[in-house]
Amino acid sequence: PARVFDSQPIPGAYLGASIGIFRCPHEMCPQMPLTKIECDRAACPPGKAYLRLSDEKGMYLEVTAAGGKYWRMKYRHGGKESRLALGVYPTVSLAQARKARDQARDALAAGNDPAQIKRDAKLIRAMSDAKTFEKVARQWWEHWKGPKSPRHADYVIRRLEADVFPALGARPAASITAPQLLAMAKAIEARGAVDIAKRSLQTCGQIMRFAVAHGLIERNPAADVRPSDALKPRTKENYARLDAKEMPELLRKIEAYQGSAYTRLAMKLMALTFVRTGELIGARWAEFDLAAAEWRIPAARMKMRTPHIVPLAPQAVEVLQALATVSGGRALLFPGERDHEKPMSNNTILAALKRMGYAGRMTGHGFRGVASTVLHEQGYPPHVIELQLAHQERNAIAAAYHHATYLKGRRAMMTAWADYLDKLRKGADVIELPQRAA
């Protein structure tokens, strides 16, 4: 039976009896399907550019003079003869080539051109590969930021650059899966920044919806994962807090507070350092180095059980100096009213805020929330803010290094925060006057 067909005749038997392939002079001679051994042994005759071994249903194996073996399928569509590439042997086996051929014949039966289908699929893949997640995210950000405040828009892109792009940015947007989004969020959650993890997952959902709407991907994988389903639940603490626009009045009321000097100075220091209430009221003078403008809180007093450094702005140092004049040499900064060996009550600051008219509207912990919101909006790096808030859950080995991480940037941020509070309290910009020469 004939296996070889070519546009030019090949005289005589050219492959020999070892394969048993000869040119048959009868074009209507029945064809037998190829076998694997025939595909393995096939070689192009000397002096020929290629050899074509027919299989069945229009498929054949083309063997080049260089030794390459390519699956092809000859077909007619719209009255025109065409050829379809089905792969390279042996990467694409005989069985796989036949399966691809059958799929192409099904497309033909449906009235479609299989070669055009293949070209379209290749174009779509190329477009998808060119649209990495980072490129799509930046397109979304340019579209989304229009009505947003510059500070908030800048914060969002900084968060993407810090946490999302390193994990997903180089991947084609169309290839992103729900487990990959979850892994990104889990990595952020692992360092203790649960709120950032949730916001990042939500932002990715917005980006993917944008990609679907603009035909860049077919579906949104973020729709399969909700933050509440994917991330660890935290005990929710509903700390009341004011909006930033209400802070000027509060700061002025604190300044004019007629109660205990300890309480007034405690509220001022809390606003300037935004530490937790327990960390503030348990503070001891031995933890402070006013010359270095640092407050070093030992691990035993920290929620995360790791040491924490609070850079002190000049305004905070001034509060501490005022506090030193009334402390009477006691070890505690804020001793209890009845027992000076114990710190003031947790409710002292809360009660003072209530007397000033902020019952149910502001708590000591609320200063942390206001500071976090404002500093994020002002564009400070999220990791610097999270470190200063002492949100990171770190092991004992990492703690020795990380408690002083980014200290220079944190010091600048805390000074800027204190200046910002001064501006709010005074109702005007704080302008440093130039010093006169002596």
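**Helix α10 and its surroundings in a predicted model**

Visitor: Among contacts between residues at least 6 apart in sequence, what share joins residues at least 24 apart?

Guide: This is a predicted model, and its chain has 17 helices and 7 strands. Of the contacts in the chain between residues at least 6 apart in sequence, the share that joins residues at least 24 apart is 59%.

Visitor: How many residues of α10 are buried?

Guide: Helix α10 covers residues 261-273 and spans 18 Å from its first C-alpha to its last, close to the 18 Å expected. Its buried residues include Tyr262, Leu265, Met267 and Leu272. The helix is mostly covered, and of its 13 residues the number buried is 10.

Visitor: Which residue has a side-chain oxygen that reaches the backbone nitrogen of Tyr262?

Guide: The contact is found at the start of α10. There, a side-chain oxygen comes to within 3.1 Å of the backbone nitrogen of Tyr262, and that oxygen belongs to Ser260.

Visitor: How are α10 and α13 oriented to each other, parallel or perpendicular?

Guide: Thr263, Ala266, Met267 and Met270 in α10 meet Thr348, Ile349, Ala352 and Leu353 in α13. The axes of the two helices come within 10 Å and cross at roughly 95°. Angles of 65 to 115 degrees count as roughly perpendicular. The relation of α10 and α13 is therefore roughly perpendicular.

Visitor: Is Phe274, which follows α10, buried or exposed?

Guide: Phe274 is found in the loop between α10 and α11, and its phi is positive, about 40°, although it is not a glycine. Most residues other than glycine have a negative phi. A residue counts as buried under 20% relative accessible area. Because the relative accessible area of Phe274 is 1%, this residue is buried.

Visitor: What exposure class does Lys57 have?

Guide: Lys57 lies in the loop between β1 and β2, and its phi is also positive, near 55°. The class between the limits of 20% and 50% is partly exposed. With a relative accessibility of 44%, Lys57 is therefore partly exposed.

Visitor: Which peptide bond is cis, with omega near 5°?

Guide: Most peptide bonds are trans. The cis bond in question leads into Pro90, a residue in the loop between β4 and α2. With omega near 5°, it is the bond from Tyr89 to Pro90.

Visitor: Which residue with a positive phi follows α17?

Guide: Helix α17 has 20 residues and reaches 29 Å, close to the 28 Å expected. Its buried residues include Trp417, Tyr420 and Leu424. The residue that follows α17, with a phi near 75°, is Gly427.

How values were computed:
Residues are numbered from 1 along each chain as its sequence is written. This is a predicted model: local features need pLDDT of at least 70, side-chain atom pairs count only at pLDDT 80 or more; totals for chains, interfaces and linings use all residues. Side-chain values use heavy atoms; hydrogens and water are left out. Helices (H or I, at least four residues) and strands (E, at least two) are DSSP runs, numbered from the N terminus. The expected span of a helix is 1.5 Å times one less than its number of residues. Buried means under 20% relative accessible area, exposed over 50%, partly exposed in between (1.4 Å probe, protein chains only). A polar contact is a pair of N or O atoms within 3.5 Å; within protein, one must be able to donate a hydrogen and the other to accept it, and residues adjacent in sequence count only if both atoms are side-chain atoms. Contact means heavy atoms within 4.5 Å. Axes are lines fitted to C-alpha atoms, for helices over the stretch in contact, and angles run from 0 to 180 degrees between N-to-C directions. Angles under 35 degrees count as roughly parallel, over 145 as roughly antiparallel, 65 to 115 as roughly perpendicular and the rest as oblique.
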